[in-house]
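Please open the model in your viewer and keep the sequence panel beside it, as this tour moves from one selection to the next.

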Amino acid sequence: MKNLNEITEKDFFFCYTKKLSDFLRDNGMRYIIKAHSVKDGNVFSMYPRTTELTKLLIKFKQTN
């Protein structure tokens, strides 16, 4: 596990697409937080970047 000082934005995946977020959730991923963007007010879900997430993103891309 990284020290808090070592964690950066690159350690997270910000998902602004409901269809993708639903797919990730349906396949066992849990988001860290769901919120509204300060910049534009759009809803996003933030996921930790993991090997499992990467595999699911590839699967989603192949099927959609």
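**The whole chain**

Among the contacts in the chain between residues at least 6 apart in sequence, 56% join residues at least 24 apart, where contact means heavy atoms within 4.5 Å. The model is a predicted one, in which local features need pLDDT of at least 70 and side-chain atom pairs count only at pLDDT 80 or more, while totals for chains, interfaces and linings use all residues. Residues are numbered from 1 along each chain as its sequence is written, and side-chain values use heavy atoms, with hydrogens and water left out.

Colour the chain by secondary structure, and you will find two helices and three strands, which run β-α-β-β-α from the N terminus on. Helices here (H or I, at least four residues) and strands (E, at least two) are DSSP runs, numbered from the N terminus. The C-alpha trace spans about 35 × 30 × 15 Å along its principal axes. Of the 64 residues, 27% count as buried, a term that means under 20% relative accessible area, with exposed meaning over 50% and partly exposed lying in between (1.4 Å probe, protein chains only).

**Select the core**

Which residues make up the largest nonpolar core? Select Phe13, Cys15, Leu20, Phe23, Leu24, Met29, Tyr47, Leu53, Leu56 and Phe60, which are its ten residues. The elements that give two or more residues to this core are β1, α1 and α2 (51–63). A nonpolar core is a set of buried Ala, Val, Leu, Ile, Met, Phe, Trp, Tyr and Cys residues joined through side-chain atoms within 4.5 Å. Now centre the view on Leu20, which, leaving aside its neighbours within four places in sequence, is in contact with Phe13, Cys15, Leu57 and Phe60.

**Select the aromatic rings**

The structure holds four aromatic pairs. Rings of Phe, Tyr and Trp (its six-membered ring) pair if their centres lie within 6.5 Å, and planes under 30 degrees apart count as stacked, over 60 as edge-to-face and the rest as tilted. Begin with Phe14 and Phe44, a tilted pair at 5.8 Å centre to centre with 55° between the planes. This pair links distant parts of the chain, as Phe14 in strand β1 (residues 12–15) and Phe44 in strand β3 (residues 43–48) are 30 residues apart. Is Phe44 buried or exposed? Phe44 is buried, with a relative accessible area of 12%, whereas Phe14 is partly exposed at 30%.

Add Tyr16 to the selection: the centres of its ring and that of Phe44 are 5.5 Å apart with the planes at 40°, so this pair is also tilted. Because Tyr16 lies in the loop between β1 and α1 (18–26) and Phe44 in strand β3, the pair ties together parts that are 28 residues apart in sequence. Tyr16 counts as partly exposed, at 44% relative accessibility. Ring pairs link Phe14, Tyr16 and Phe44 into a cluster.

**Select Tyr31**

Move next to the loop between α1 and β2 (33–36), where Tyr31 is found. Tyr31 is partly exposed, at 39% relative accessibility. Not counting residues up to four places away in sequence, Tyr31 touches Ser45, Met46 and Tyr47. For a distance across the model, join the C-alpha atoms of Tyr31 and Ile58, which are 27 residues apart along the chain and separated by 18 Å.
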